[in-house]
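Trainee: Please give me a close look at a single part of this model, and then place that part within its surroundings. I am new to the structure and would value a connected account.

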Amino acid sequence: MAEAPQVCPTLTYEDAKAAITQLTEGFGFAATAVYEGEDGRIAHAELSYGNGMVMLGSKGTGSEFDKLMGGAGPVGVFVHVDDVDEHHARAVAHGIEIVMAPKDQDYGSRDYMARDAEGNIWSFGTYTPGAAE
C-alpha cells in the first residue's frame, strides 16, 4: 500500500457535493471518503489523485475549521499529471473553466490552469515537486 501523503490541501465549498462531482468527473480525482452530516452537507471528504490528496467540506457547518476559513479567499492547488493534454481534454469535456491552456514552461514542465466552480485555481502539469533534476 502506498504511503499516505503528508501534505493535503484543504478547501471549503458552498456546494461541496457539486465540488466533489466536478473534481472527480472533470479532473479525475477519486472520492476515497465522503461523510455527510445530518443536514446533508459534506462534513469531510477526501479525494485522491495518484499518491496525493485534497480534503474538503461544506461551508457553514459551524466547525472550528469552517469558522477559521470563513473569510478566506480561493486557494491554488498543483497536481502532477503524466499527460497534460489528455487531462486538459477531459476537463474541457466536462465544462471546466480553463484559465490557461496547456503550455510548455521554461522550467521544463507542460501545464494548464483551471478554475473550479467556486473560484479555486487548479494547476495540472508534468512538473514533479521535490524531484531531483
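Mentor: Let us take Arg115 as the part to examine; with a relative accessibility of 31%, Arg115 counts as partly exposed, because that class lies between the limits of 20% for buried and 50% for exposed. Please keep in mind throughout that the model is predicted.

The partner of Arg115 is Glu97: the two form a salt bridge in which the closest N and O atoms are 3.3 Å apart. This pair links distant parts of the chain, since Glu97 belongs to strand β6 (residues 97–104) and Arg115 to strand β7, 18 residues apart. Glu97 is likewise assigned to the partly exposed class, because its relative accessible area is 40%.

The salt bridge between Glu97 and Arg115 is one of several: the count for the model comes to 5 salt bridges. Another joins the side chains of Lys17 and Glu36, with an N to O distance of 3.6 Å. Lys17 is in helix α1 and Glu36 is in strand β2 (residues 30–36), so this pair ties together parts that are 19 residues apart in sequence. Lys17 is partly exposed, because its relative accessible area is 40%. A further salt bridge connects Asp39 and Arg41, where the closest N and O atoms are 3.8 Å apart. Asp39 is exposed, with a relative accessible area of 54%, while Arg41 is partly exposed at 36%. In addition, Asp85, Asp104 and Arg110 are linked in a network of salt bridges.

Two members of that network lead to Pro102, a residue of strand β6. Leaving aside neighbours within four places in sequence, Pro102 is in contact with Val84, Asp85, His88, Arg110, Asp111 and Tyr112. Pro102 counts as buried, because its relative accessibility is 18% and the limit for that class is under 20%. The C-alpha atoms of Pro102 and Phe124 are separated by 9.0 Å, although these residues are 22 places apart along the chain.

Tyr112, one of the contacts of Pro102, also touches Trp122, and this brings us to the interior. With neighbours up to four places away in sequence set aside, Trp122 is in contact with Leu11, Tyr13, Leu23, Phe27, Phe29, Val54, Val77, Val79, Tyr112, Met113, Ala114 and Asp116. The largest nonpolar core has 23 residues, and Trp122 is among the members that touch the most others, together with Phe27, Phe29 and Leu56. At least two residues of this core come from each of β1 (10–13), α1 (16–26), β3 (42–49), β4, β5, α3 (84–93), β7 (110–115) and β8 (121–125). Strand β7, which holds Arg115, is thus one of the contributing elements. The largest share of the core, 4 residues, is supplied by α1.

Helix α1 deserves a closer look for that contribution. The residues buried in α1 are Ala16, Ala19, Ile20, Gln22, Leu23, Thr24 and Gly26. They pack against β1, β2, β3, β4, α3 and β8. Just after the helix, Gly28 takes a positive phi of about 85°.

Strands β4 and β5 appear in the core and also in the lining of the largest pocket. Each of the two, β4 (52–58) and β5 (76–80), supplies at least two lining residues, and β5 gives the largest share of the lining, 5 residues. The volume of this pocket is about 520 Å³. Of its 20 lining residues, Tyr49, Asn51, Gly52, Met53 and Phe78 lie nearest the centre. Sorted by class, the lining has 12 nonpolar, 7 polar and 1 charged residues.

Met53 offers a last connection, this time to the segment before β1, where Cys8 is placed. Apart from residues up to four places away in sequence, Cys8 touches Met53 and Met55. Cys8 is partly exposed, because its relative accessibility is 23%. Its C-alpha atom and that of Leu47 are separated by 9.9 Å, with their positions 39 residues apart along the chain taken as the sequence separation.

To return to the starting point, Arg115 is a partly exposed residue whose salt bridge with Glu97 links strands β6 and β7.

Notes: Residues are numbered from 1 along each chain as its sequence is written. This is a predicted model: local features need pLDDT of at least 70, side-chain atom pairs count only at pLDDT 80 or more; totals for chains, interfaces and linings use all residues. Side-chain values use heavy atoms; hydrogens and water are left out. On a 1 Å grid over the protein atoms alone, a cavity is a set of points where a 1.4 Å probe fits but cannot get out, and a pocket is an open set with protein on both sides within 12 Å along at least five of seven lines; lining residues have an atom within 4 Å of a point. Grid points are joined across faces, edges and corners, and a volume is the space filled by probe spheres set on the points. Ala, Val, Leu, Ile, Met, Phe, Trp, Tyr, Cys and Pro count as nonpolar, Asp, Glu, Lys and Arg as charged, and the others, Gly among them, as polar. A nonpolar core is a set of buried Ala, Val, Leu, Ile, Met, Phe, Trp, Tyr and Cys residues joined through side-chain atoms within 4.5 Å. Buried means under 20% relative accessible area, exposed over 50%, partly exposed in between (1.4 Å probe, protein chains only). Contact means heavy atoms within 4.5 Å. A salt bridge is a side-chain nitrogen of Lys or Arg within 4 Å of a carboxyl oxygen of Asp or Glu.
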